[in-house]
Amino acid sequence: MVAKSRRILVLAPVPETFKELCLSVRKQPWVESEVGERECSWEGRGLHFEIDMVDCLEKAVEMLHGGYYNLVMVDCRHVPIEGVDYEKQEQGLHAFLEVLANEPDPERRYPQRRVAILVGDTDEERVDRLIFEMGKRHVGACLRDSSLSSRPVGGRDAARTRFIEQIWSHCDRVLVGVRRGKKAISAAGGGITGIYYEIGVLKCLHDAFDTDIRDFDMFLGISGGAVVTSCLANGIAIDEIIAKIGDLDRSWNYRLKLSWRQLNVMEVPRRVFLLQREMARYAMRMLKREDELSVASVFGLYAVLLGPVFDNAQFEKAIRNLFKKSGQTNDFRELGPELYIGATDQDRREAVLFGDVGFDDVSISRAVQASAAMHPFFPSVEIGGRFYTDGIVTRTSNLRAAIDYGADLVFVIDPFVPLISEEPGFNRSHGNMWVVEQDYKTMSYTRFSQARKELQRTNPDVNTYNFVPSNRMRRLMGKHNPFISRNFHPIVCEAYRGTYRRLKQLEYKMRGELASHNINLDLGPVEEKVAMLRQAKQPDVKLLLDSRSEGKSRVA
């Protein structure tokens, strides 16, 4: 069987070290190699490497941003070659690692786990110091060429052979022996407009992959994201989801919008009772001189009357009826892929994952209803004697859960992000509800950004891709209250185009990482639809729908 080729980029600030390494590799009887001035190929023991060598930082960064490399090696060995200045080795090494670490775009950042440093010197203290420094930077490995030490065990030739075998073993372990984990999609909240954004992103991902996104192993959703992911986990095609939510499919009689019929009138008698009780308590405190008459106290009494505005019972019923179709289920335990719906225990202030062990006996529709019960719009949902509300209160995304449950490829879609403005007083010029919404989004996104950085640091083998609306997109989504079902076509179409731009930007890196999960990235079909959207007089989601998505082969 022909060995699958892997690409390696070697940064050798002193080019002579790389040439010396290639000569050592060629001497191994089990290696076949072809050596050029700046590139070479090595093949042996079931591995085949295509290697590019650069000797300057700028060129290394350019090549990493222009193509996919399975591994990066930095040759920082002190090979005894007359007239060579080795001081720039460490300077080049640290400068290169700094550039990698300071890349502002997390998805464009080359993972340190796939960086190997080659060290070796008669100065043992220098080698030990370098290994220690690389450990602090969390690089993948420091491979020590003991043939360059002052007293190599077994002689220099034997030590050099062990070094070459060490390189081979490391490549085999990192590039071949890595066990592939699960593929997951995690969708956050964001109201009705957030759902529009999410289905636009998912449609673009679906068109760009040669596999059906319903065949992912794990789906995680919070609030609006719970609606979308529960449908995908139930085997509903993304085109069908778009048609139902966008009112294109008249067979689904539920409309994803709030009207007078959803007003929570049943809550009024209870609120009046609560007001009467609080007034009696307030009067008693006044008599005992524990309180005094004040505007703040009166306003507090008035606030008791303000309960959840809408009733979400019809929403739960619509989801329940949707999952009654043949081949679908309202039971977490009967699903093929894993599905986790995030909610918040309103009294314990704890995050809960419906679908997890101990919470998988809840119906999916009830879990979605609880996850999307955002106060003050909807009442909390009683399940098993506890009351649950919107999952966004305690979690922005269940990325940690996805990793804990075995996912090493996670697509996070988060439309719940604030609008950024350089205009002083921009938010102040809007209503109070707007400011509160932007504050919630800021806290949510800041929380997620910090958590994501830590998760990436502690889980270097996990590839995550985060899709958030551009600031221009946020303006479009922010024109109306997030619970008003307007701008469906503009939001979905712009989300599709924005995702295409992001995929185009990351194509060089994503292609190789997705290939390791047996997913082929092909932007051709997406480019065709983006071109049609550009030519259209106005945004039209129907231009995105076709029979191709239904024709994709699904995993049995």
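# Why these labels apply

User: What makes G140 count as partly exposed?

Analyst: G140 has a relative accessibility of 37%, and partly exposed covers what lies between buried, under 20% relative accessible area, and exposed, over 50% (1.4 Å probe, protein chains only), so the label fits. This is a predicted model, in which local features need pLDDT of at least 70 and side-chain atom pairs count only at pLDDT 80 or more, while totals for chains, interfaces and linings use all residues. Residues are numbered from 1 along each chain as its sequence is written, and side-chain values use heavy atoms, with hydrogens and water left out.

User: Where does G140 lie, and which residues is G140 in contact with beyond its neighbours within four places in sequence?

Analyst: G140 lies in the loop between α4 (124-136) and β7 (141-144), where helices (H or I, at least four residues) and strands (E, at least two) are DSSP runs numbered from the N terminus. Its partners, with contact taken as heavy atoms within 4.5 Å, are Q112, R113, V115 and H170. Of these, R113 is 27 residues away in sequence, yet the C-alpha atoms of the pair are 3.9 Å apart.

User: What is noted about the phi of H138, and where is H138 placed?

Analyst: H138 has a positive phi of about 65° although it is not a glycine, and its place is likewise in the loop between α4 and β7. Most residues other than glycine have a negative phi. H138 is partly exposed at 45%, whereas S223, another non-glycine residue with a positive phi, of about 55°, is buried at 8% and lies in the loop between β9 (218-222) and α7 (224-233).

User: How do you know that C22 is in no disulfide?

Analyst: A disulfide is a pair of cysteine sulfur atoms within 2.5 Å, and the nearest cysteine sulfur to that of C22, belonging to C40, is 3.8 Å away, so the pair fails the rule. The count of disulfides by this rule comes to zero. C22 is itself buried, with a relative accessible area of 3%, and C204 is buried as well, at 0%.

User: Why is α6 called roughly antiparallel to α8?

Analyst: The axes of helix α6 (residues 191-208) and helix α8 (residues 238-245) come within 10 Å and cross at roughly 155°; axes are lines fitted to C-alpha atoms, for helices over the stretch in contact, with angles from 0 to 180 degrees between N-to-C directions. Angles under 35 degrees count as roughly parallel, over 145 as roughly antiparallel, 65 to 115 as roughly perpendicular and the rest as oblique, and therefore α6 is roughly antiparallel to α8. The residues making the contact include I195, I199 and H206 of α6 and I238, I241 and I245 of α8.

User: What makes a set of residues a nonpolar core, and which residues have the most contacts inside the largest one?

Analyst: The term requires buried Ala, Val, Leu, Ile, Met, Phe, Trp, Tyr and Cys residues joined through side-chain atoms within 4.5 Å. The largest such core has 76 residues, and those with the most contacts inside it are Y197, I199, F209, F354 and F411. Helix α16 (residues 488-515) gives the most to this core, with 11 residues. A second, separate core of 27 residues includes C22, M73, L118 and L143.
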